[in-house]
Amino acid sequence: QLQLTESGGGLVQTGGSLRLSCVASVFARGSLPLNAVAWFRQAPGKEREEVSCIMPNGDITYYLETVKDRFTLSRGSAGNTVFLQMNSLKPEDTGVYYCAAEPRLFKGDDSCPERADGFRTWGQGTQVTVSS
């Protein structure tokens, strides 16, 4: 069964950068390339929002408007990791960042799930704090 682990969060000043990693469990690494993988974030007192999503073929189907041109989503060459490069960080980027995965195996699975409840596998999250 696929399990996801996030890492790379931390405390950074405004304008700084972080790179988050979402790594598949050892026994399920071959399956991550078959999944759409998304990053979500949740700030204190706010609802979880989707940041970006990448399809198995590498297509990025979504970037949150407020992170466009600052964040970049990519897959690692080994296929078992998805990265979120975050540049020019702002205090409003503060929150817990989660990665989520959902298989895209069938005809018609040609885009990322539209909502968070469309993803069945979630990591535990990594905290990102941007100080002003």
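Visitor: Is Cys22 buried or exposed?
Guide: In this predicted model, the class of a residue depends on its relative accessible area, with buried meaning under 20%. The relative accessibility of Cys22 is 0%, so Cys22 counts as buried.

Visitor: To which residue is Cys22 joined by a disulfide, and where do the two cysteines lie?
Guide: Cys22 belongs to strand 3 (residues 18–24) and its partner to strand 9 (residues 95–103), so that the pair, 77 residues apart, links distant parts of the chain. The partner, at 0% relative accessibility, is also classed as buried. With an S to S distance of 2.1 Å, the residue joined to Cys22 is Cys99.

Visitor: What is the handedness of the disulfide of Cys22 and Cys99?
Guide: The handedness is read here from the torsion about the S-S bond, which for Cys22 and Cys99 is about 70°. The disulfide is therefore right-handed.

Visitor: Which parts of the chain does the pair of Cys53 and Cys112 tie together, and how many residues apart are they?
Guide: Cys53 and Cys112 form a disulfide in which the sulfur atoms are 1.9 Å apart. Cys53 is placed in strand 5 (residues 49–54), whereas Cys112 is in the loop between strand 9 and strand 10 (121–122). The pair therefore ties together parts whose separation in sequence is 59 residues.

Visitor: Are Cys53 and Cys112 buried or exposed, and what is the handedness of their link?
Guide: Cys53 is buried, as is Cys112. The torsion about the S-S bond of Cys53 and Cys112 is -90°, and the link is left-handed.

Visitor: What pattern do the disulfides of the protein follow?
Guide: The count of disulfides comes to two, one of them joining Cys22 to Cys99 and another formed by Cys53 and Cys112. When the bonded cysteines are counted along the chain, the pattern is 1-3, 2-4.

Visitor: Is Arg41 buried or exposed?
Guide: Arg41 is found in strand 4 (residues 35–42), and among the residues that Arg41 touches are Val51, Leu64, Val67, Phe71 and Val96. Its relative accessible area is 6%, and because buried means under 20%, Arg41 is classed as buried.

Visitor: With which side chains does the side chain of Arg41 make polar contacts?
Guide: The residues touched by Arg41, leaving aside those up to four places away in sequence, include Glu47, Glu92 and Asp93. One polar contact of the Arg41 side chain, at 2.8 Å, is with the side chain of Glu49, and another, at 3.0 Å, is with the side chain of Tyr97. The side chains asked for are thus those of Glu49 and Tyr97.

Notes:
Residues numbered from 1 in each chain as written. Predicted model: local features only at pLDDT ≥ 70, side-chain atom pairs only at ≥ 80, totals over all residues. Heavy atoms only, no water. Disulfide = S-S within 2.5 Å. Helix = DSSP H or I, 4+ residues; strand = E, 2+ residues; numbered from the N terminus. Buried < 20%, exposed > 50% of the residue type's maximum accessible area, 1.4 Å probe, protein only. Polar contact = N/O pair within 3.5 Å; in protein donor to acceptor, adjacent residues only side chain to side chain. Contact = heavy atoms within 4.5 Å.
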